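Reader: I should like to learn how the features of a protein model are to be read. May we take them one at a time?

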Amino acid sequence: MDKKVIVITGGTTGIGFACAEHLLVKGYEVVITGRSEKNLTEALEKLNHKATGFLSDTSKLSDIDELVNLVKEKYTKIDGLFVNAGIFKSSSFEATTEEVFDETMNINFKGAFFTTQKFVPILKNPSSVVLNTSIVVFKAFAGTSIYTASKAAIESVAKVLNLELATKGIRVNIISPGVTESPIQQKSGMSNEAIQNLLDHFSSTSPIGRIVKPKDIAPILEFLVSDNSLVLRNEKIVVDGGTTM
Ligand SMILES: NC(=O)c1ccc[n+]([C@@H]2O[C@H](COP(=O)([O-])OP(=O)(O)OC[C@H]3O[C@@H](n4cnc5c(N)ncnc54)[C@H](OP(=O)(O)O)[C@@H]3O)[C@@H](O)[C@H]2O)c1
């Protein structure tokens, strides 16, 4: 049987990378994307060049078009799309600038929205779209107002997509990670001390007694892109070790 092809946006580090690694081991064909050439090169090396990688800025519609064309050229159609590329900039509501607002919404919401839209023509029947949102959608954390809005916005669209894309056999489900140790914290503008406090807090208060790691999320993604989840629609799997129970 032909291998299933899964595209992971933002697959060069953190959660996306761990998912790429896992899916390759499980026999999938994997495409990863990212903005940074250095991160993409390093990721492909770590994956022993078994994945295909494309540079593509998800906040640019022309980049998404080009990505879809490149994937179409190589695979014609794909079985799954993990809409994962995202950023988090820590900022209080009162300090949030227009720049942080636009950057966050352009990547986390607009990018996720148009990535999903532009991949529709090359998604097979059946196929699976998985949106990576966050527990911030249903639990408040200070310093995350615009990030929360961006994740809530894309999550709110999932049920509409499940109606509009149903006849094409496309299902849309959600992974909602809790605080997960990844490079996103270093890029957030938080101090090292604040990052350590955050990770310590979620390790010590979690029922699993440790922080969630990117590799914890990979088998959940595999389930959602596999035929084992064929009848799921708009399901949200919270992967947080029970911290928001
Ligand atoms: N870690 C957490 O605690 C946590 C919790 C809930 C949800 N999430 C979500 O999980 C997703 C992955 O985050 P992560 O924790 O794995 O962080 P990460 O290690 O920083 O990974 C982010 C990935 O997205 C890519 N990316 C960022 N902006 C992009 C853009 N404009 N175009 C294309 N690629 C872009 C990055 O590539 P470059 O390096 O090239 O920019 C990288 O591959 C995000 O959507 C995040 O919001 C994370």
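Reader: Let us begin with accessibility. Is His 49 to be called buried or exposed?

Author: The model is predicted, and the label follows from a cut-off: exposed means over 50% relative accessible area, and buried means under 20%. His 49 has a relative accessibility of 56%, so it counts as exposed. This residue is found in the loop between H2 and E3.

Reader: What is notable about the phi of His 49?

Author: Its sign deserves attention. Phi of His 49 is near 55°, a positive value, and the residue is not a glycine. Asn 234, which is not a glycine either, also has a positive phi, of about 60°.

Reader: Where is Asn 234 found, and how does its accessibility count?

Author: Asn 234 is found in the loop between helix H7 (214–225) and strand E7 (236–239). Its relative accessibility is 30%, so Asn 234 counts as partly exposed.

Reader: May we turn to the peptide bonds? Which form does the bond from Asn 125 to Pro 126 take, cis or trans?

Author: The angle to read is omega. For the bond from Asn 125 to Pro 126, omega is near 5°, and the bond is cis. Pro 126 has its place in strand E5.

Reader: How many residues of strand E5 are buried?

Author: In strand E5 (residues 123–132), 7 of the 10 residues are buried, and the strand is mostly covered.

Reader: With which strands does E5 pair, and in what sense?

Author: The pairing is read from the bridges between strands. Strand E4 (residues 78–83) pairs with E5 in the parallel sense over 5 bridges. In this pairing, Phe 82 stands opposite Val 130 in E5. E5 also pairs in the parallel sense with strand E6 (residues 170–177), over 6 bridges. There, the bridge partner of Ser 127 is Ile 170 in E6.

Reader: What is the handedness of the unit made by E4, helix H4 and E5?

Author: To read handedness, one follows the path from one strand over the helix to the other. E4, helix H4 (residues 98–119) and E5 make a β-α-β unit, and this unit is right-handed.

Reader: Which other elements make such a unit?

Author: E1, helix H1 (residues 14–25) and E2 make a right-handed β-α-β unit. E2, helix H2 (residues 37–46) and E3 make a right-handed unit of this kind as well. Strand E2 thus takes part in both of these units.

Reader: How does E2 pair with E1 and with E3?

Author: Strand E1 (residues 5–8) pairs with E2 in the parallel sense, over 4 bridges. Ile 6 has Val 30 in E2 as its bridge partner. Strand E3 (residues 52–55) likewise pairs with E2 in the parallel sense over 4 bridges. Here Val 31 has Thr 52 in E3 as its bridge partner.

Reader: Why is strand E2 said to be largely enclosed by the rest of the structure?

Author: One counts its buried residues. In strand E2 (residues 29–34), 5 of the 6 residues are buried, so the strand is largely enclosed by the rest of the structure.

Reader: How should I picture the side chains along a strand?

Author: In a regular strand the side chains alternate between the two faces of the sheet.

Reader: Let us take one strand residue. Which residues does Phe 54 touch?

Author: Phe 54 has its place in strand E3, and at 15% relative accessibility it counts as buried. Leaving aside residues up to four places away in sequence, Phe 54 touches Val 31, Ile 32, Thr 33, Gly 34, Leu 40, Leu 67, Leu 70 and Val 71. As for distance, Phe 54 and Thr 41 are 13 residues apart in sequence and 9.8 Å apart in space, C-alpha to C-alpha.

Reader: Is a loop residue such as Thr 58 buried or exposed?

Author: Thr 58 lies in the loop between E3 and helix H3 (61–75). Its relative accessible area is 10%, and Thr 58 is buried. A polar contact of 3.1 Å joins its side chain to that of Thr 115. Beyond residues up to four places away in sequence, Thr 58 touches several residues, including Ile 64, Ala 85 and Asn 106.

Reader: Finally, which residues come nearest to the ligand?

Author: Of the 32 residues around the ligand, Thr 12, Ser 36, Tyr 147, Ser 182 and Lys 187 come nearest. Polar distances add detail. A polar side-chain atom of Asn 39 lies 2.9 Å from an oxygen atom of the ligand. For Asn 132 the corresponding distance to a ligand oxygen atom is 2.8 Å, and for Ser 182 it is 2.5 Å. The ligand taken alone exposes 880 Å², of which the protein buries 97%.

How values were computed: Residues numbered from 1 in each chain as written. Predicted model: local features only at pLDDT ≥ 70, side-chain atom pairs only at ≥ 80, totals over all residues. Heavy atoms only, no water. Buried < 20%, exposed > 50% of the residue type's maximum accessible area, 1.4 Å probe, protein only. Helix = DSSP H or I, 4+ residues; strand = E, 2+ residues; numbered from the N terminus. Pairing = 2+ DSSP bridges. Right-handed = clockwise from strand over helix to strand, strands pointing away. Polar contact = N/O pair within 3.5 Å; in protein donor to acceptor, adjacent residues only side chain to side chain. Contact = heavy atoms within 4.5 Å. Near = heavy atom within 4 Å. Areas by Shrake-Rupley, 256 points an atom, 1.4 Å probe, with all protein chains shown as cover.
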